[in-house]
Amino acid sequence: MALTVKPIEAAKHGAQKERMSDGSGLYLRLYPSGKKTFQVQINKETGSSARAWVSLGDFPGLGLKDARDLVG
């Protein structure tokens, strides 16, 4: 299910899972401090199954639409 701004603003660490998915490879990471960061998961190396999280920017400085545009 795609994220919208209203649930992002209301999301709290501990009340939701650690990450909320947008369904298109974009995730919102919730921190205990209240910080919210957009992230994507990528392969560490070509052909490897090892994955790493990459932060795109913090909400609300990086808006939902802009985060989606970065994911493509």
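Is Asp 22 buried or exposed? Select Asp 22 to begin: its relative accessibility is 7%, so Asp 22 counts as buried. Keep in mind during the tour that this model is predicted.

**Stop 1: Asp 22 and its partner**

Add Arg 68 to the selection. Arg 68 and Asp 22 form a salt bridge, with 2.9 Å between the closest N and O atoms. Arg 68 belongs to helix H2 (residues 64-71), whereas Asp 22 sits in the loop between E1 and E2, so this pair ties together parts that are 46 residues apart in sequence. Arg 68 is partly exposed, at a relative accessible area of 31%. Side chains of opposite charge can pair when their charged atoms come close.

**Stop 2: along helix H2**

Stay on helix H2 and select Lys 65 and Asp 69. Their side chains meet in a salt bridge, at 3.1 Å from N to O. Both residues are in helix H2, four residues apart, which is about one turn of the helix. Lys 65 is exposed, with a relative accessible area of 59%.

**Stop 3: Arg 29 and Glu 18**

Next, select Arg 29 and Glu 18. These two form a salt bridge whose closest N and O atoms are 3.2 Å apart. The bridge links distant parts of the chain: Arg 29 is in strand E2 (residues 27-30), and Glu 18 is in the loop between helix H1 (5-10) and strand E1 (19-21), eleven residues away. Arg 29 counts as buried, at 15% relative accessibility, while Glu 18 is partly exposed, at 39% relative accessible area. Now add Arg 19: Glu 18, Arg 19 and Arg 29 are linked in a network of salt bridges. How many salt bridges does the structure hold? There are five.

**Stop 4: the hairpin of E1 and E2**

Show the backbone and select strands E1 and E2. The two strands pair in the antiparallel sense over three bridges. To see one partnership, pick Ser 21, whose bridge partner in E2 is Tyr 27. Five residues lie between the strands of this hairpin, where Gly 23 takes a positive phi near 90°.

**Stop 5: the hairpin of E2 and E3**

Keep E2 and add strand E3 (residues 36-43). E2 and E3 pair in the antiparallel sense over four bridges. Arg 29, from the third stop, appears again here: its bridge partner in E3 is Thr 37. This hairpin has five residues between the strands, and Gly 34 takes a positive phi near 105°. While looking at the strands, recall a general pattern: in a regular strand the side chains alternate between the two faces of the sheet.

Methods
Residues are numbered from 1 along each chain as its sequence is written. This is a predicted model: local features need pLDDT of at least 70, side-chain atom pairs count only at pLDDT 80 or more; totals for chains, interfaces and linings use all residues. Side-chain values use heavy atoms; hydrogens and water are left out. A salt bridge is a side-chain nitrogen of Lys or Arg within 4 Å of a carboxyl oxygen of Asp or Glu. Buried means under 20% relative accessible area, exposed over 50%, partly exposed in between (1.4 Å probe, protein chains only). Two strands pair if DSSP finds at least two bridges between them.
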